[in-house]
Amino acid sequence: MRTYLVTGGAGFIGSNYIHYMFRKYENEIRIINVDALTYAGNLENLKEVEDRDNYTFVKADITDKDAMMKIFKENDIDRVVHFAAESHVDRSIVDPEVFIKTNVLGTAVMLNCAKEAWEKEDGTFAEGKKFLHVSTDEVYGSLDDEGGYFYETTPYDPHSPYSASKASSDFLVKAYIDTYHFPANITNCSNNYGPYQFPEKLIPLIINNALHGRKLPVYGDGKNVRDWLYVDDHAKGIDMVQEKGRIGETYNIGGHNEKQNIEIIEIILETLLEMLPKDDERRKFISKDLITYVTDRKGHDRRYAIAPDKIKAEIGWEPETMFKDGIKKTIAWFFEHEDWMESVTSGDYQKYYDEMYQNR
Ligand code: NAD
Ligand code: TYD
């Protein structure tokens, strides 16, 4: 039975990936999920899998080398899938240091522990061991409104502390590949959306605010473009890269679904009105009148757009979920999990929201 070590599995994409993997492989695999449970990590996301015999949760910080080495020593890990990171650009602008610690140092620790556990005396690596580093298209910088795409060959040009820290972590992985022939892949994915996404990111924040009749904050002119991918399609891409990708290669993951932020907000409002029951009180306040233009994000990247040609040609990955279906599935999930939204927005969330938005 193959054993996976997933880092950051209690976060948005990591938890969706764990659900995806158990749906696909059921009892053929074992997953160890290591997560420090920061504000973004939530074990509620994994309630349905916590009793499985082939699932283990370890609360630990990826920058803690002893704790990580212990996991490698006590388990014969075959695959590492490395999600754990600080992931929100706005937070990175206010407090960059934790991004450097977790994203850069944490990745270095994970690489080092896997290398120590997997390297043989002759410097080669045990058969079948693989490390997948989950990264972002934001490392490539910003495209302009006129066009163009991010390819795997596009030079790195990160602008935010978040994307700079992810770029640094990618370079560390590349250095391990080049120096030690370490068996790793990197995936650079576009913006994800779907169940369990923390409401600091655009889509869940807009859904949550609209359902409460709160203002919908649009940064700048609202015409920044992001390339949105349903989270299950990302999970499938990660699994396919690890199974079929060429070791040492980078693969961009994205589904050619570019939309301006303002379009996303309008689609969410329309979809909410389409899906809410006719007698739901909230219909009275859900309208475009909630849209509020606020001060732009510092250094706001204009446009992201992935060219997924390589992963399609080499591996046969293609997205399955069209945006119009994915957004309905996401909104339906939030309707059915209002308690989830309530639990993640109680406590520190209000403080975060006030600090980030009050004087914007
Ligand atoms: P997230 O913020 O929802 O989850 C991050 C998880 O990592 C949380 O469970 C958190 O508790 C954990 N974590 C944070 N610091 C840790 C530490 N020091 N030690 C152990 N665990 C720690 O993030 P996400 O949106 O699920 O993103 C996951 C990965 O995918 C990140 O590496 C991110 O850069 C990348 N990515 C995200 C997107 C996106 O649209 N969200 C797109 C492309 C790539
Ligand atoms: P976000 O979800 O934070 O993802 P990223 O910055 O990693 O792409 O933001 C997506 C886009 O939405 C980005 O252009 C910033 C914008 N945005 C708003 O206009 N208002 C908001 O309240 C948030 C959170 C984001």
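**Exercises on strand S6 and ligand 2**

S6 and strand S11 (residues 250-253) pair in the parallel sense, with four bridges between them; strands pair if DSSP finds at least two bridges between them. This is a predicted model, where local features need pLDDT of at least 70, side-chain atom pairs count only at pLDDT 80 or more, and totals for chains, interfaces and linings use all residues. Residues are numbered from 1 along each chain as its sequence is written, and side-chain values use heavy atoms, leaving out hydrogens and water.

**Exercise 1.** Place S6 among its partner strands and describe its cover.

*Solution.* Start with S11: isoleucine 186 stands opposite its threonine 250. Next, turn to strand S5 (residues 130-136), which pairs with S6 in the parallel sense over six bridges. Here leucine 132 stands opposite asparagine 185 in S6. Now look at cover: six of the six residues of S6 (residues 184-189) are buried, that is, under 20% relative accessible area (1.4 Å probe, protein chains only). Finally, sort the directions: Ala184, Ile186 and Asn188 point one way, and Asn185, Thr187 and Cys189 the other.

**Exercise 2.** Find polar contacts of ligand 2, then work out its cover.

*Solution.* Look for pairs of N or O atoms within 3.5 Å. A side-chain N or O atom of arginine 297 lies 2.5 Å from an oxygen atom of ligand 2. For asparagine 261, a polar side-chain atom is 2.9 Å from a ligand 2 oxygen. Tyrosine 219 brings a backbone N or O atom to 2.9 Å from an oxygen of ligand 2. Now the cover: ligand 2 taken alone exposes 510 Å², and the protein buries 98% of that (Shrake-Rupley method, 1.4 Å probe).

Key:
Chains lettered and ligands numbered in written order. Buried < 20%, exposed > 50% of the residue type's maximum accessible area, 1.4 Å probe, protein only. Helix = DSSP H or I, 4+ residues; strand = E, 2+ residues; numbered from the N terminus. Polar contact = N/O pair within 3.5 Å; in protein donor to acceptor, adjacent residues only side chain to side chain.
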